[in-house]
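Reader: I have a model open and want to talk through it. Can you take me through the contacts, starting with the DNA?

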2 protein chains.
Amino acid sequence: MRYFATLCRLGHFGHAADISAISQPALSMQIKKLEEELGTPLIERSAKSFILTRFGHEFLTQCHKILGDVDTIELMARAAQHQEIAALNLGIIPTIAPYLLPQVLTTLAHHHPELDIKVRESQTTNLVKDIHDGTLDIAVLALPLGDQHLEETLMFQEDFVLVRPVHAKNMPIPAPSSFAKLPWLLLEEGHCFRDQALAFCQPDVNERRRHDASSLSTLVQMVQADLGITLIPEMAIDLETRSTTVDIVRFDTDTPKRDIGVIWRKSSPLAHSFAKITETLSTAMQR
Amino acid sequence: MRYFATLCRLGHFGHAADISAISQPALSMQIKKLEEELGTPLIERSAKSFILTRFGHEFLTQCHKILGDVDTIELMARAAQHQEIAALNLGIIPTIAPYLLPQVLTTLAHHHPELDIKVRESQTTNLVKDIHDGTLDIAVLALPLGDQHLEETLMFQEDFVLVRPVHAKNMPIPAPSSFAKLPWLLLEEGHCFRDQALAFCQPDVNERRRHDASSLSTLVQMVQADLGITLIPEMAIDLETRSTTVDIVRFDTDTPKRDIGVIWRKSSPLAHSFAKITETLSTAMQR
DNA sequence: TATTTTTGATAAGAAATACTTATGATAAAC
DNA sequence: GTTTATCATAAGTATTTCTTATCAAAAATA
C-alpha cells in the first residue's frame, strides 16, 4: 500500500521505486500482485504513463487513511517508549484512605506534576484482583500478602491504640489475659484491619454478638456511646477523635501493629516507575 | 495486527493461533516481533495468561480501526469487480450537445437506470485530453481522430446544409467553383465543425474578415441579419430555424458531412461497458 | 507432595514471499 | 530510423514466515 501511494504520488514506477528503496521490477510486481489480490485493476497502463482506475482512486483514498493510522501507531509507540508513565491508577484500603490519601496525593502531585492519578478505594481482596487484571497499577494497603506475582514494598509500620469511653480514663491498661472478656467492637468482614484486630484481641466467640461497624469513624462513635471498646490505627487518632470524646490508650508491651506498604505487578513494564513512585511516597510518609 | 486482535479477543495464544489458521509458535513469534518493532511491550505475560499493557490497549484500538478499513477495501474491491459501471462521465462537443443530448440522456436513463451520468460540454481537444487523463469516460464527437489509444465507434453520418438569407430563396444552389467568393460565416477557432466547414467552403482568405460566431445559433442569426451565409449540420436545422427565417438548402452532389461517433480509452478496464453503452446509443440514434 | 496438565517460549529446518540483476518490449522523442 | 524512456518479464537470491518438535514453568490434580 505504501508502494502504491508513492507510485500514485509520483506517477512513475522508477522514481517511486527509488523513493521506496526497492528496484523498479519489485515495485511493478507488488502493484501487479495487489491488483491480483483485489481482483480489480488499480491503474490503467499506457505506453509511458498510467492513470488510476475508478477503483484505484477509491483504493488510494483508503490507503492514505490506513497508512496515516499506521504512522500514528509509530508515534504512539515512540511516546510509549520514552514516557515515564502518564496515568496512575492507585488503589487504597478504606482504613488508610481517609488519613493518608491527602498526603499521598499532595506528595505525588508535587513530585510528578503531569501524573494523571485516579484513586479507587476498596478492600484488599478487590484491590489485589484489580491489580492482577490491570485495572489498577499500584495499591496502598497492609502487608504482607504473600502473592509471588506482586512486588511488596513496606513504607512504614504503625501501632494500634485502644479506644475506650471517657469514663474509663483512669483505669489501668487491660492485660492480654483479660482481653477475651472485653466488649470489643470490630469492623465488618472483609476489612483486613478487622482480622488484624481480631488476632490481637482474641475475643470470646460468644461474647461479641453486636453489629460490626463499616468504618473506623463509626467504631469510635460507638465507643463514645459506651457500646464497648475498640482498636484503631495510630494514623486515625487525630481525625477520628476530633469531634468525639474518648480515651486513647497506648499499649506498653506487645503493641499491636500493622505494616503499610505498596504493591504492584512484578511483570509490569512500568514496575521500575512504580518503585520510584513508592520510594517518593515512602520518604514523605516517614514524616 | 490481525493475529494480535484475535489474541486479545480470545486471551489465549493456542486458540488465537487456531482461529488465525497458523501454529501457536508462529503466533507467539509474530507478537514478539511486533513488540520488538514497536519497541514497547504489548502484553504483560504471566504464567498462564496475560494482560494488555497500557500501550497494548492503545495499539489494539488502532488495530481495530485499521483492520476495519482493510476489510472495507475488500468490500470495495468485490463491488468494483461485479459492478457494471455505476457512474459515467460523458463528454460532448458544443455542435452536437444542444441537438443530441436530450435524446442521449433519455436513452441512457432508459437502458441503464442506475447509471449516474455527468456531462461535460467542450471542444474536441479538451475532451480528448480529459479522456486521456481519466476525467472523462467517453465522449461524443466528430470522427475520425486517429488516436491509436482511443477506440472510435461511428454512430452515424450527417450532412451539412447551406443556410442563406430568406431573400436568396429562389436562387440556384451555389457551385463549388464560386465558394471562394461567398461571404461565409464560421464558428470561432477550436470547433471541429469550423474546420470541417472550412475544408468544404475553402473561402478566400482575404474575403472572410468578419467576427467568428461562438455557436451555431449565433451563426444562423447572423445569416438572418444578412451578414452572410453558413453551413450547419442537419441535426441543428430543427432547433436553430425554429425562431428564425432563413433559407435551408441541401446540396445535390459532393454533400459535405461529418461522422458522429463515440470514443473511449482502449486501455480502460470498462472498455467493454463503454462499447455496450455506445451500441445502445447508436441504435437509438438511427431513428 | 508428587504428578499431570496447561500454556507459552525456543530451536531448526521447510515453505512462501519479496527482492535483485539482467533483459525484453513498446512507444515516444529526437 | 535511431535513440531514449518506461514498464514488464525471467531467473536466481535473500528474507521472512511458518511448521514440527521440544522445552520450561506454573497451575491443577491426585
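Reader: Which residues come nearest to DNA strand C?
Author: Of the 21 residues around DNA strand C, the nearest are Tyr3(A), Ser23(A), Lys33(A), Arg45(B) and Lys48(B). A residue is near the strand if one of its heavy atoms lies within 4 Å of it. Sugar and phosphate make up 66% of the atoms of DNA strand C that come within 4 Å of the protein.

Reader: Before I go on, what am I looking at?
Author: This is a predicted model, where local features need pLDDT of at least 70 and side-chain atom pairs count only at pLDDT 80 or more, while totals for chains, interfaces and linings use all residues. Residues are numbered from 1 along each chain as its sequence is written, chains are lettered from A and ligands numbered from 1 in the order in which they are written, and side-chain values use heavy atoms, with hydrogens and water left out.

Reader: OK. What does Ser23(A) do with the phosphate oxygen?
Author: A polar backbone atom of Ser23(A) is 2.6 Å from a phosphate oxygen of DNA strand C.

Reader: And on chain B, what about His12(B) and Gln148(B)?
Author: His12(B) has a side-chain N or O atom 3.4 Å from a sugar or linking oxygen of the strand. For Gln148(B), a side-chain N or O atom is 3.2 Å from a phosphate oxygen.

Reader: Which elements give two or more residues to that surface?
Author: They are α3 (24-38) of chain A, plus α2 (13-20) and α3 (24-38) of chain B. α3(A) gives the most, with five residues. Helices here are DSSP runs (H or I, at least four residues), as strands are (E, at least two), numbered from the N terminus.

Reader: Switching topic. What domains does chain A have?
Author: The assignment, which is automatic or from a database, gives domain 1 (2-82), domain 2 (87-156 + 259-286) and domain 3 (159-258).

Reader: How much area is buried between domains 2 and 3 of chain A?
Author: About 1000 Å², with 64% from carbon and sulfur atoms. Buried area is the accessible area (1.4 Å probe) that two parts lose on being put together, summed over both. In domain 2, Thr95(A), Tyr99(A) and Gln123(A) lose the most area to domain 3, together 58% of what that side buries.

Reader: How many salt bridges are there between them?
Author: Zero, taking a salt bridge as a side-chain nitrogen of Lys or Arg within 4 Å of a carboxyl oxygen of Asp or Glu.

Technical notes: A polar contact is a pair of N or O atoms within 3.5 Å; within protein, one must be able to donate a hydrogen and the other to accept it, and residues adjacent in sequence count only if both atoms are side-chain atoms.
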